[in-house]
There are 2 protein chains.
Amino acid sequence: MAVTIKDVAKKAGVAPSTVSRVIADSPRISTDTKKRVRKAMKELGYHPNVNARNLAVRSSKAIGVIMPSSAETALQNPFFPEVLRGVGTVAHDTEYSLYVSTGGNDQQLYEEVKRMVYGHRVDGIILLYSRMNDAIMDFLVEEKFPFVVVGKPYENESSITYVDNDNVSASKELTKHLIDFGHKNIAFIGGTTDLVVTSDRFEGYKQALIESGIKVREDYIINDEFNRSSGKKAVEKLLKLKNPPTAMVISDDMMSLGVINMLEEFGLDCPEDVSITSFNNLYLSEITRPPLTTVDIQIYKLGIQGAKCLIEQLQTKDEPAKRVIVPYAIKYRSSTKRFEP
Amino acid sequence: MAVTIKDVAKKAGVAPSTVSRVIADSPRISTDTKKRVRKAMKELGYHPNVNARNLAVRSSKAIGVIMPSSAETALQNPFFPEVLRGVGTVAHDTEYSLYVSTGGNDQQLYEEVKRMVYGHRVDGIILLYSRMNDAIMDFLVEEKFPFVVVGKPYENESSITYVDNDNVSASKELTKHLIDFGHKNIAFIGGTTDLVVTSDRFEGYKQALIESGIKVREDYIINDEFNRSSGKKAVEKLLKLKNPPTAMVISDDMMSLGVINMLEEFGLDCPEDVSITSFNNLYLSEITRPPLTTVDIQIYKLGIQGAKCLIEQLQTKDEPAKRVIVPYAIKYRSSTKRFEP
DNA sequence: CTTTTAAATATAAACGCTTACACCTATATG
DNA sequence: CATATAGGTGTAAGCGTTTATATTTAAAAG
């Protein structure tokens with residue numbers, strides 16, 4: 001049906017193997033023959049069949065990108081497109097293709113990863129999240145399948161390549177900033193507790209409080225999904241307290257957006273009544289009212305670095321596990337304010 | 001190395017073909033044998049090799065998603081993740097995999113599409129944009145390769161399956177709304193002129209003006225990329241006019257955001273001084289100040305429908321070209337106001 | 001004018017699967 | 001009792017590559 005390597009061979013008057021070598025630009029083929037074969041390829045409009053090639057060489061020149069279960073909801077947070085953008089850039093430069101997960105729930109996602117791995121659909125995987133006791137990560141280490149994670153692995157930290165920010169430091173700095181502004185009642189609104197990023201950011205928050213002699217209050221800690229409605233719900237809860245917080249460190253800009261919205265519904269102003277600090281520096285963080293003081297974690301770079309690490313790992317056998325920390329930068333904007341009782 | 005169909009066959013005491021039939025759940029195999037074979041597969045941890053399978057059946061059970069050249073910038077507009085989300089949902093339900101483009105420029109994107117098509121990487125393609133004289137679209141029709149476009153094809157409209165909104169109608173309605181509010185100096189800020197969506201929306205704008213006896217002014221028409229800075233630049237230009245517009249119909253929420261920002265920099269208020277209407281209903285359109293009056297084009301549904309059409313096309317030979325128009329809904333918010341000189 | 005050696009190309013065996021066809025067995029049919 | 005029929009499996013030929021090994025050719029060496 002389509003034109004194959006044999007057709008080219010016939011036309012050029014050589015053996016299929018020769019054509020194959022020409023494709024690979026093997027030095028064993030004389031420049032003369034190469035020219036002839038290339039001409040034949042052009043004329044016939046030949047293009048190699050990737051499936052056949054992949055089968056023969058047992059690789060696919062593709063990398064799988066795994067977003068948290070239900071890319072469906074994941075894609076609603078600009079974080080993922082943005083890291084995807086980074087990954088895509090290097091994939092493109094290195095001529096790798098991109099396979100993205102579509103899994104609806106944990107189980108389906110797991111199946112999908114298995115399909116990718118066992119089916120030889122991809123040569124390596126980038127995990128765009130990290131949480132504790134993740135079946136997928138366990139599976140990958142178990143299978144010794146090449147992968148890198150964007151975020152910090154919950155376990156086997158030293159044997160897994162990953163790219164991350166120094167989240168505890170960032171969170172600590174943020175919290176300190178609030179404390180410096182005279183706040184004492186500082187709430188923490190983080191992602192779900194299974195995420196490593198959640199515990200890291202909580203850790204930083206906690207350290208800051210403790211170092212300043214402020215006690216950590218259970219009822220000031222809220223954990224939920226990274227989206228707007230979680231932010232709203234969090235505010236509802238916090239404002240019900242007898243002693244509501246005057247400041248919050250929030251783990252995600254989308255959440256922060258929800259927080260601002262809900263504060264407004266309660267007739268409270270940010271930063272007048274409540275100061276908030278946030279994470280991610282999504283472009284929306286500049287356009288909220290007020291613009292968010294948030295940490296720029298350089299999402300795009302996370303994607304770039306993640307992809308780079310993976311591809312290095314794929315190309316050089318026995319590449320050691322490495323860790324790359326991309327630096328963060330706190331963007332001070334106007335969502336925080338000195339506490340005035 | 002990995003466990004193959006032969007290993008399973010041996011273990012189950014049957015021929016490879018039988019195993020293959022069990023995988024396909026062929027009715028020709030007795031339930032007894034099926035049970036036995038399945039057990040063997042389980043025990044050996046067998047998983048079919050997709051490449052081999054694809055090679056044999058000449059298909060890949062994957063669909064390619066093509067974003068405008070440089071997914072890099074494309075991904076910065078939430079439109080794309082959102083339609084990707086829709087596509088992903090049905091891909092997942094139908095067990096197709098998703099291949100996304102990473103192309104940096106037009107040429108590279110074209111090469112990538114060729115790789116996908118010729119290399120049998122994907123069975124079909126979804127084009128997430130439509131513009132005139134697009135080499136990629138031409139290529140796909142030339143090759144008779146299955147594809148659908150999200151947007152309206154520039155030519156061969158009747159023979160290409162596509163899903164779109166009624167953009168001229170939406171745009172007309174928007175413009176009318178502005179006119180009803182007493183505006184006469186209405187500018188149009190659209191995407192680049194090569195995009196079909198741009199001309200459609202311009203058409204609606206024009207019709208509304210003409211029907212109301214308002215003349216279309218050249219200097220009120222601006223075309224640029226769908227992003228924030230284009231919006232800003234547009235405002236700069238428009239405000240330089242001796243007779244600046246009092247209202248604008250803008251083709252994209254990101255642009256609108258830029259417009260609002262720049263108006264503010266000029267000390268102008270929206271909607272007090274300038275009314276704007278927008279397109280897409282990205283979630284950000286609710287959080288801008290003011291919230292945007294924008295048309296909800298149901299991006300997610302566009303993705304769903306696009307993917308559905310493609311998969312139908314793939315599964316049933318000779319599926320006729322179809323057109324699906326996803327209904328839009330104008331979200332009236334507060335970025336427009338009655339004109340008061 | 002043989003014999004070596006190196007360069008260039010061809011042969012053929014994978015890679016792991018699907019599927020048309022052939023083959024058997026056991027039952028139904030004439 | 002020979003024969004047709006159908007259900008269940010096996011055989012083997014692809015699918016389009018890559019690549020180890022073999023073969024041819026030509027130049028260099030003896």
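Reader: Which phosphate oxygen contact does the side chain of A:Ser20 make with DNA strand D?
Author: A polar contact is a pair of N or O atoms within 3.5 Å; within protein, one must be able to donate a hydrogen and the other to accept it, and residues adjacent in sequence count only if both atoms are side-chain atoms. In this predicted model, a polar side-chain atom of A:Ser20 lies 2.3 Å from a phosphate oxygen of DNA strand D. For B:Thr18, an N or O atom of the side chain is 2.7 Å from a phosphate oxygen of the strand. B:Arg21 instead places a polar side-chain atom 2.6 Å from a base oxygen.

Reader: On what conventions do these values rest?
Author: Residues are numbered from 1 along each chain as its sequence is written, with chains lettered from A and ligands numbered from 1 in the order in which they are written. Local features need pLDDT of at least 70, side-chain atom pairs count only at pLDDT 80 or more, and totals for chains, interfaces and linings use all residues, while side-chain values use heavy atoms and leave out hydrogens and water.

Reader: How many residues surround DNA strand D?
Author: A residue is near a strand if one of its heavy atoms lies within 4 Å of it. Here 27 residues surround DNA strand D, and A:Ile5, A:Ser20, B:Arg21, B:Arg28 and B:Thr33 are the closest. Of the strand's atoms within 4 Å of the protein, 58% belong to sugar or phosphate and the rest to bases.

Reader: Which helix gives the largest share of that surface?
Author: Helices are DSSP runs (H or I, at least four residues), numbered from the N terminus. H4(A) gives the largest share, four residues.

Methods. Helix = DSSP H or I, 4+ residues; strand = E, 2+ residues; numbered from the N terminus.
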